[in-house]
Amino acid sequence: MRLTPTLKAAAAVAVLLAATACGSSDTGSSASTGLNPPDLKAQSKLGKTEGQVNLIAWAGYVEDGSNDPKVDWVSDFEKQTGCQVNSKVAASSDEMVKLMKTGQYDAVSASGDASLRLIASGDAAPVNTALVPNYKNVFSGLKKGAWNSVDGQMYGIPHGRGANLLMYNTEKVSPAPTSWSAVFDDASAHKGHVTAYDSPIYIADAALYLKSARPELKIKDPYALDQKQFDAAVALLKKQSANVGEYWSDYLKEISAFKSGDSVVGTTWQVIANLTADEGAKVKAFVPEEGSTGWSDTWMISAKAKHPNCAYKWMDWIISPKVNAQVAEYFGEAPANSEACAYTSDKSFCDTFHATDESYWKNVAFWNTPIEQCLDGRTDVKCVPYAKWVQAWTEIKG
Amino acid sequence: MTSLPQAVGRSPVRRLAGTLHRRPRLRLSLLLTAPLLWLAVLYLGSLAVLFVSAFWTTNSFTSEVVKVWSTDNFHQLLTTPVYRQVILRSVGVALAVTLLCAVIAFPVAFYTARIARPERRPLLVVAILTPLWASYLVKVYAWRLILSQGGLADWALKPLGLSGPGYGLVAAIIALTYLWLPYMILPIHTALEQLPANLLDASADLGARAGRTFRSVVLPMVLPSVAAGSVFTFSLSLGDYITVQIVGGKTQLIGNVVYSNIELNLPMAAALGTVPVVVIVVYLLAMRRTGALSSL
């Protein structure tokens, strides 16, 4: 019998499908490493600088004037330390983790949803804070957080922080919301015009809401969810999805959606709220009564750093009062250094971003990496690891 | 053999040319080595790597790729409802875009190829091509503005008591149709242009009305070109994920799911990535039957 090419292809596909369908369903039992980081030693003293340093950073964190001649805090660093800065902008936490694994970079500005992964895998080294003079002025709320330290040992230098706020259109949403229920249980009031952050980490926002809305779930930490709690959060998000107009990850997209009225209520960052208001949209952003999730970025040093001394110099430089003020203002976040507020060009900047208001940050659950070992200390259950969050997020969007 | 002494006196280049002339096989292999290497190593090779890596797994915590053979990813692909849904939706969008393109392109091509004055035709073709000169992103963002609340679409439909579709699946189909329309118009235009006028006359002489002529004469001759155009519109729509991100609201297509998996679960992304490859191969085989590939 002579098979036509079409038949041959069809047969090949059929064989493949059959092989797949009969295939084993569970081999991915990759053991969780938990949070027992490899025993790495922090540097005890600084040596001679190596002449260059390779950084991975969020856009806007390492500016040498090439994007905007007025925005430059790298040139002075290079002049003072003799360390040539090579920076690579990463678009997501996952990309940062991946780049750090190559071992070609010395330091990274990791958010909380990346930092624990870097610590656990031994890609990030502990940091000797005594070698970073400016560290003493960092806000206490940022020191030894669950996302940047293990057993009291810092694994990086805090850079800045921000909260995920609830933003609403003051003309179209009334009465003014006070709770996250505006985007969850009461979201149907604005069907098709609700927006949410497009990332698996947003599941924590739902968990944070459930923490107070459904106390019987006993959620303590929105990043430590056992299967039952996780399922409840996912169910809530699936319900929310019916009312969502679009998810945002690109902040320009959110600004345009709020300006045109396609989105009227949803999560945002302070800097986006400011820009949207500047463009004439009637919006307001605030921390609802349940508190909120947030992010705090940390400069971490690679365990395989080839230029550790320059990397230490950089970590000290980026949180020095003047530079920290510059970068915080450019990016739109609360600076980490308590003395930075004296140097901002807009004198009300620190108030707008609640930089010094520790009680404000008490209500903010900073992004963390969910792992199997529950981060809230429970040992009788297994928590849902981040990989499952990613899968669930695809299912939520449908 | 009088030419031989002359050949000896020629420059090396000439001699090489002579050798190549006498040995057609050598000539052919030299010509084809580079493109074949490109095809086999870079193109088919990367497809093979994609396919192989779909059988690996990842460490759930560090998301490092673990090179352990397993069919889990394909198993998941076939059993998880959300993936099936996304795949069906993507194929549906590609088919809808193709159909819309064909319906819109036919009258346009008929006008540019047969009705417009011959000296204007090249100009019209240029006009059809001009949107291809603008950046893809600019065009899609323009659609984002058009379809936004209170935007052009809303404003234009208001007198009819309707409103625009807003961001979503419909918006994505509209934007994709706009983007790929020229790829459908051009092949149809070419086919219609080559349609011998005497066939139409003959059909009329035999008493056929316009509709009958269209069905029995024009359509069968142009159909392969429609199929050729559809290869472009179908495959381009199937692979697109940026348009959907910008105007699709919360819609997810295969590309978006691949994109969201690529950092954390590369093997799953690879498994998802083989889906459009398989779909397009099947589509191409189906189109080959219509003779479309010879009229590309």
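Student: Leaving out residues up to four places away in sequence, what does A:Lys211 touch?

Tutor: In this predicted model, A:Lys211 touches A:Ile219 and A:Pro222. Contact here means C-beta atoms, placed from the backbone, within 7 Å.

Student: What makes A:Lys211 count as buried or exposed?

Tutor: Just the neighbour count. A residue is buried if 20 or more other C-beta atoms lie within 10 Å of its own. A:Lys211 has 20 inside 10 Å, so the label is buried. A:Lys211 sits in helix H5 of chain A, residues 203-213. Its C-alpha atom is 27 Å from that of A:Ser92, a residue 119 places away along the chain.

Student: Why is A:His354 put in another class, then?

Tutor: Partly exposed is what lies between the cut-offs, 12 or fewer being exposed and 20 or more buried. A:His354 has 18 C-beta neighbours inside 10 Å, so it counts as partly exposed. A:Lys144 has 15 other C-beta atoms within 10 Å, so it is called partly exposed too.

Student: What is worth flagging in the backbone of A:Lys144 and A:His354?

Tutor: Their phi values. Most residues other than glycine have a negative phi. A:Lys144 has a positive phi near 50 degrees, and A:His354 one of about 55 degrees. A:Lys144 is in the loop between strands E4 (124-125) and E5 (149-150) of chain A. A:His354 is in the loop between helices H11 (349-352) and H12 (358-362) of chain A.

Student: How do you know whether the bond from A:Ser174 to A:Pro175 is cis or trans?

Tutor: Look at omega: it is near 0 degrees, and the bond is cis. Most peptide bonds are trans. A:Pro175 belongs to the loop between strands E7 (157-169) and E8 (194-197) of chain A.

Student: How do you know that the length of helix H13 of chain A fits a helix?

Tutor: Set the expected span against the model. At 1.5 Å a residue, its 12 residues (386-397) should span 16 Å; the end C-alpha atoms are 17 Å apart, so the two agree. Just after this helix comes A:Gly398, with a positive phi of about 75 degrees.

Student: Why is H13(A) called mostly covered?

Tutor: Nine of its 12 residues are buried, including A:Trp389, A:Ala392 and A:Lys397. The buried residues pack against H5, helix H6 (227-241) and strand E9 (244-248) of chain A, and also against helix H5 (81-115) and helix H13 (254-261) of chain B.

Student: Which residues of H13(A) does A:Ile203 reach?

Tutor: Beyond its neighbours within four places in sequence, A:Ile203 is in contact with A:Trp389, A:Ala392 and A:Trp393, among others. A:Ile203 is also one of the residues touching the most other members of the largest nonpolar core, which has 121 residues. A second, separate core holds 57 residues, B:Val93 and B:Leu186 among them.

Student: What makes chain A's radius of gyration agree with a compact globule?

Tutor: For 398 residues the globule rule gives a value near 21 Å, and chain A has 23 Å, so they agree. Of those 398 residues, 50% are buried. The chain counts 13 helices and 14 strands.

Student: And in chain B, how many residues of domain 1 contact domain 2?

Tutor: Four residues of domain 1 are in contact with six of domain 2. On the domain 1 side, three are nonpolar, one is polar and none is charged. The C-alpha centres of domain 1 and domain 2 of chain B lie 38 Å apart.

Key. Residues are numbered from 1 along each chain as its sequence is written. Chains are lettered from A and ligands numbered from 1 in the order in which they are written. This is a predicted model: local features need pLDDT of at least 70, side-chain atom pairs count only at pLDDT 80 or more; totals for chains, interfaces and linings use all residues. Domain bounds come from an automatic or database domain assignment. Two residues are in contact if their C-beta atoms, placed from the backbone, lie within 7 Å. Ala, Val, Leu, Ile, Met, Phe, Trp, Tyr, Cys and Pro count as nonpolar, Asp, Glu, Lys and Arg as charged, and the others, Gly among them, as polar. Helices (H or I, at least four residues) and strands (E, at least two) are DSSP runs, numbered from the N terminus. The radius of gyration is taken over C-alpha atoms; the globule rule is 2.2 Å times the number of residues to the power 0.38. A nonpolar core is a set of buried Ala, Val, Leu, Ile, Met, Phe, Trp, Tyr and Cys residues joined through C-beta atoms within 7 Å. The expected span of a helix is 1.5 Å times one less than its number of residues.
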